[in-house]
Amino acid sequence: MGLLDVTGLTKQFVRKPGLFGRTSVVHAVQDVTFSIDEGEMFGLVGESGSGKSTTGRCILRLIEPTSGEVRFRGENVLAFSRERMRRARRDMQIVFQDPYSSLNPRMRVRDIVEEPLVIHRLGGRDERRARVAELFELVGLEPAHLERYPHEFSGGQRQRIGIARALALNPALVIADEAVSALDVSIQAQVVALLLDLQARLKLTYLFIAHDLRLVEHICSRVAVMYRGRIVEMGDTSAIFASPTHPYTRALLSAIPVLDPDAPRTRIELDPSSFDAAAPLREIGTGHLAAV
Amino acid sequence: MALLDVQHLSVSFGRGAPAVDDVSLQVAAGETLGVVGESGSGKSVTAFSILRLLQPPGRVTGGAVRFEGRDLLTLSEAEMREVRGARISLIFQEPMTALNPVMRVGDQIAEALTVHGRSKAEANARAVELLDAVKIPDAARRARDYPHQLSGGMRQRAMIAIALACHPPLVIADEPTTALDVTIQAQVLDLLRELRARFNLALLLITHDFGVIAEMADRVVVMHRGRLVEEGPVRQILRAPAHPYTQSLLAAVPGMRPASDRTGR
């Protein structure tokens, strides 16, 4: 049993175009199964529309999944009452991509970081203030800047504020949904270093949702590749990058720009007719699964 | 002689440090010059200044932009309109905002030709040819589509078709693949490479992505806080960067460090 066990997770969006239009069903996430161990940095990669963000949101029930099971520390999250779910969210937090739209521009950053503590009625006013200052320091921000508003911070600093807020309740699992994608590369490197540092210090577990494969290769121990709502390949990062097996994974990895101008470029184009889109995942090596 | 020769360009947005500070760069015919930098480095402002598309309060405070024997900064607005699109065109990052949402894609390409003096019938035929050249399948039918009916990759191809409509010798591409998925990016870069060879295009390629630079550029300039901090052939910049800023930028790219250096394994 992992810290998080997702089994057969499915999310369908039903679309009815107009009054007389025929309803169509979009399978945003289909039969997704994976486990994350305590302390692990698990990468979920895919291109836009692959269902990776919907998967993250279904785990937190920010979107209600259509079917499947999400177990956190063995407990079935999808069966939780509203009240129980509210408490469970203390342990499962999310950091969003856009540090500009995910922080309330009218609130001082002190209040933004403190808000989760207030909502969950944790500690008195002084305790909360002390905790906020501690969190600010933890993510490498000046406690002297607590009274400022979000617009007074750069993108990288704002993302640190988002992380401080996510960590306020001492979560065990952090879902980082493209958390560093919008940042400049040098700022991205700093925020990634922070995430890794926090992982070591606080024994955090991450679901790291990203489209940047170079970054995922660099920081995740295991990775799942999503394509059109399904996981098509999953395993140790080193195994996936060394011997990608599913045609989509191969096409995806071959598309990553090589940083050497003289490296041979062999783009593999994806031919969707070359594989069975409904094939189940099967073990093709130690801890390496592919839907082939 | 260089096709484009920017000399000591400075741009200011009112008070504070200049957005572009004494930048000189050259692009030869058929050459691809990569301009790398992070947000706020002045790379896009440089491109907009070359085409004189700066919005007030931004203004050029000094320098010259020599192109085909003239200083673009001294041309009249009417003369400048003859340059834009016909001699230098621009590809933006966001095709959805750069394309007109209520105009058919084919008409937008044809418009680029009619404003520069082609007849309507000729322009329409050429629009389909161009959509075909940027590898949009079923070009004649797609020409009648509106931008929202195209995928992100196809929109970017349509914008490239508009940029190439008048066979300009120089194309400025401002983060042309940044908004695209990696597999689509690969296709668009392949397309740009092919068109560059076919039309002997010079490219001023603005990007923050060293991967794109490695794939496309012949030479590279690195910008930091409005200044040009390093310039050189692409291999030299990637393998032996001299300036500390370039070094730190490259060190921050995941995958640039040796495999033994990786954490989290």
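# Reading a two-chain predicted model

Guide: Let's start inside chain B of this predicted model. Five of the five residues of strand β3 (residues 32-36) of chain B are buried, so the strand is largely enclosed by the rest of the structure.

Visitor: Which residues of β3(B) point one way, and which the other way?

Guide: B:Thr32, B:Gly34 and B:Val36 point one way, while B:Leu33 and B:Val35 point the other way. Both sets are buried.

Visitor: Which strands pair with β3(B), and in what sense?

Guide: One is strand β8 (residues 202-207) of chain B, which pairs with β3(B) in the parallel sense over five bridges. Within that pairing, B:Leu33 stands opposite B:Leu204. Another is strand β9 (residues 219-224) of chain B, also parallel to β3(B), over four bridges. There, B:Gly34 has B:Val220 as its bridge partner.

Visitor: How should I read an edge strand? Which strands of the open sheet in chain A are at the edges?

Guide: Begin with the strand order. Four strands of chain A form an open sheet, β2-β1-β4-β5, with antiparallel pairing. The edge strands are β2 (24-36) and β5 (75-76) of chain A, since each pairs on one side only. At the β5 end, β4(A) and β5(A) are joined in the antiparallel sense by two bridges, and A:Arg71 stands opposite A:Asn76 there.

Visitor: Now the chains as wholes. How many helices and strands are in chain A?

Guide: Chain A has nine helices and twelve strands. To judge its overall packing, compare the radius of gyration with the value from the globule rule. For chain A the radius is 20 Å, close to the 19 Å that the rule gives for 292 residues, so chain A is as compact as a globular protein of that length. Its C-alpha trace spans about 60 × 55 × 45 Å along the principal axes.

Visitor: What percentage of chain A is buried, and what do its contacts add to the picture?

Guide: Buried residues make up 42% of the 292 residues in chain A. As for contacts with a separation of 6 or more, 66% of them in chain A link residues 24 or more positions apart.

Visitor: And what does the secondary structure of chain B come to?

Guide: Eleven helices and ten strands. The radius of gyration of chain B is 19 Å, which agrees with the value near 18 Å for a compact globule of 265 residues. Its C-alpha atoms fill a box of roughly 55 × 50 × 35 Å along the principal axes. Of the 265 residues, 44% count as buried. In chain B, residues 24 or more positions apart account for 66% of the contacts with a separation of 6 or more.

Visitor: How many residues does each chain bring to the contact between them?

Guide: Chain B brings 28 residues and chain A brings 29. On the chain B side, α8 (182-199), α9 (210-216), α10 (234-239) and α11 (244-251) each supply at least two residues. By class, that side of chain B has twelve nonpolar, nine polar and seven charged residues.

Visitor: Let's turn to the backbone. Which phi values and peptide bonds deserve a second look?

Guide: Most residues other than glycine have a negative phi, and most peptide bonds are trans, so the exceptions are worth finding. One exception is the cis peptide bond that joins B:Pro56 and B:Pro57, with omega about 10 degrees. B:Pro57 is in the loop between α1 (43-50) and β4 (59-67) of chain B.

Visitor: Where is A:Arg61, and what is its phi?

Guide: A:Arg61 is in the loop between α1 (52-59) and β4 (67-72) of chain A. Its phi is near 60 degrees, a positive value in a residue other than glycine. A:Arg61 has 17 other C-beta atoms within 10 Å, so it is partly exposed.

Visitor: Is B:His167 buried or exposed?

Guide: B:His167 is exposed, with 11 other C-beta atoms within 10 Å. B:His167 is in the loop between α7 (152-164) and β7 (170-174) of chain B, and has a positive phi of about 55 degrees although it is not a glycine.

Visitor: One last residue: which residues is B:Gln26 in contact with, leaving aside its neighbours within four places in sequence?

Guide: B:Gln26 is in contact with B:Ala2, B:Leu4 and B:Asp5. B:Gln26 and B:Asp5 are 21 residues apart along the chain, and their C-alpha atoms are separated by 4.5 Å. B:Gln26 lies in strand β2 (residues 20-27) of chain B and is partly exposed, with 17 other C-beta atoms within 10 Å.

Notes
Residues numbered from 1 in each chain as written. Chains lettered and ligands numbered in written order. Predicted model: local features only at pLDDT ≥ 70, side-chain atom pairs only at ≥ 80, totals over all residues. Buried ≥ 20, exposed ≤ 12 C-beta atoms within 10 Å, placed from the backbone. Pairing = 2+ DSSP bridges. Contact = placed C-beta atoms within 7 Å. Nonpolar A, V, L, I, M, F, W, Y, C, P; charged D, E, K, R; others polar. Rg over C-alpha atoms; globule rule 2.2 N^0.38 Å.
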